[in-house]
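Here is a short set of exercises to work through with the model open beside you. Try each task yourself before reading the solution.

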Amino acid sequence: MSQVRVYKPFIGPFDPCPPQYYKTYVVPPNQYLVFQPLDWPQYSLPEALKLGTLWPNLYSPYTPTGKRTEEAKSGE
């Protein structure tokens, strides 16, 4: 199951902004767990610190997108 969801926002006839036909959001994998099962595989400690979780089943990659990311890269 993909962690990224897509929806179509309402586009009004008098909206002054350019329309965005599709928007996305991320649903983290921990939202589907009722409890944490025993004996799950685990990352090594250095890898877990780098990824932000000890369990591979709860890993959710973060990929920033958008204008603010480009501004931060250019140093403005």
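**Exercise 1. How much area does the protein expose, and what percentage of it do carbon and sulfur atoms supply?**

Before starting, note that this is a predicted model, in which local features need pLDDT of at least 70 and side-chain atom pairs count only at pLDDT 80 or more, while totals for chains, interfaces and linings use all residues. Residues are numbered from 1 along each chain as its sequence is written, and side-chain values use heavy atoms, with hydrogens and water left out.

*Solution.*
1. The exposed area is about 7,100 Å², computed by the Shrake-Rupley method with a 1.4 Å probe, where for residues only the protein chains shown count as cover.
2. Carbon and sulfur atoms supply 58% of that area.
3. Turning to residues, 11% of the 76 in the protein are buried. Here buried means under 20% relative accessible area, exposed over 50%, and partly exposed in between (1.4 Å probe, protein chains only).

**Exercise 2. Work out the order of helices and strands along the sequence.**

*Solution.*
1. Count the elements: there are 2 helices and 2 strands. These are DSSP runs numbered from the N terminus (helices H or I, at least four residues; strands E, at least two).
2. Read along the sequence, and the pattern is β-β-α-α.
3. Look at the contacts (heavy atoms within 4.5 Å). Of those between residues at least 6 apart in sequence, 23% join residues at least 24 apart.

**Exercise 3. Describe the surroundings of Thr53 and of Leu51.**

*Solution.*
1. Place Thr53 in the loop between α1 (45–51) and α2 (67–74). Thr53 counts as buried because its relative accessibility is 13%.
2. Beyond four places in sequence, Thr53 touches Tyr43, Ala48, Leu58 and Tyr59.
3. Check the Thr53 side chain for a polar partner: one of its polar atoms lies 3.4 Å from the backbone nitrogen of Trp55.
4. Move to Leu51, which sits in helix α1. With a relative accessible area of 26%, Leu51 is partly exposed.
5. Setting aside neighbours within four places, Leu51 contacts Tyr43 and Tyr59. Leu51 and Pro61, 10 residues apart in sequence, have C-alpha atoms 8.1 Å apart.

**Exercise 4. Characterise the lining of the largest pocket.**

*Solution.*
1. Start with the volume, about 350 Å³. On a 1 Å grid over the protein atoms alone, a pocket is an open set of points where a 1.4 Å probe fits, with protein on both sides within 12 Å along at least five of seven lines; lining residues have an atom within 4 Å of a point. Grid points are joined across faces, edges and corners, and the volume is the space filled by probe spheres set on them.
2. List the lining: 11 residues, with Val4, Val26, Pro61, Tyr62 and Thr63 nearest the centre.
3. Find the main contributor: strand β2 (residues 23–26) gives the most, with 3 residues.
4. Sort by type: 6 are nonpolar, 5 polar and none charged.

**Exercise 5. Are Lys8 and Asp39 buried or exposed, and where do they lie?**

*Solution.*
1. Lys8 lies in the loop between β1 (4–7) and β2, and is exposed at 62% relative accessible area.
2. Despite that exposure, Lys8 touches Tyr21 and Tyr22, not counting residues up to four places away. The C-alpha atoms of Lys8 and Gln20 are separated by 8.3 Å.
3. Asp39 is in the loop between β2 and α1, and counts as exposed at 80%.
4. Finally, check the backbone: Asp39 is not a glycine, yet has a positive phi of about 60°.

Conventions:
Polar contact = N/O pair within 3.5 Å; in protein donor to acceptor, adjacent residues only side chain to side chain. Nonpolar A, V, L, I, M, F, W, Y, C, P; charged D, E, K, R; others polar.
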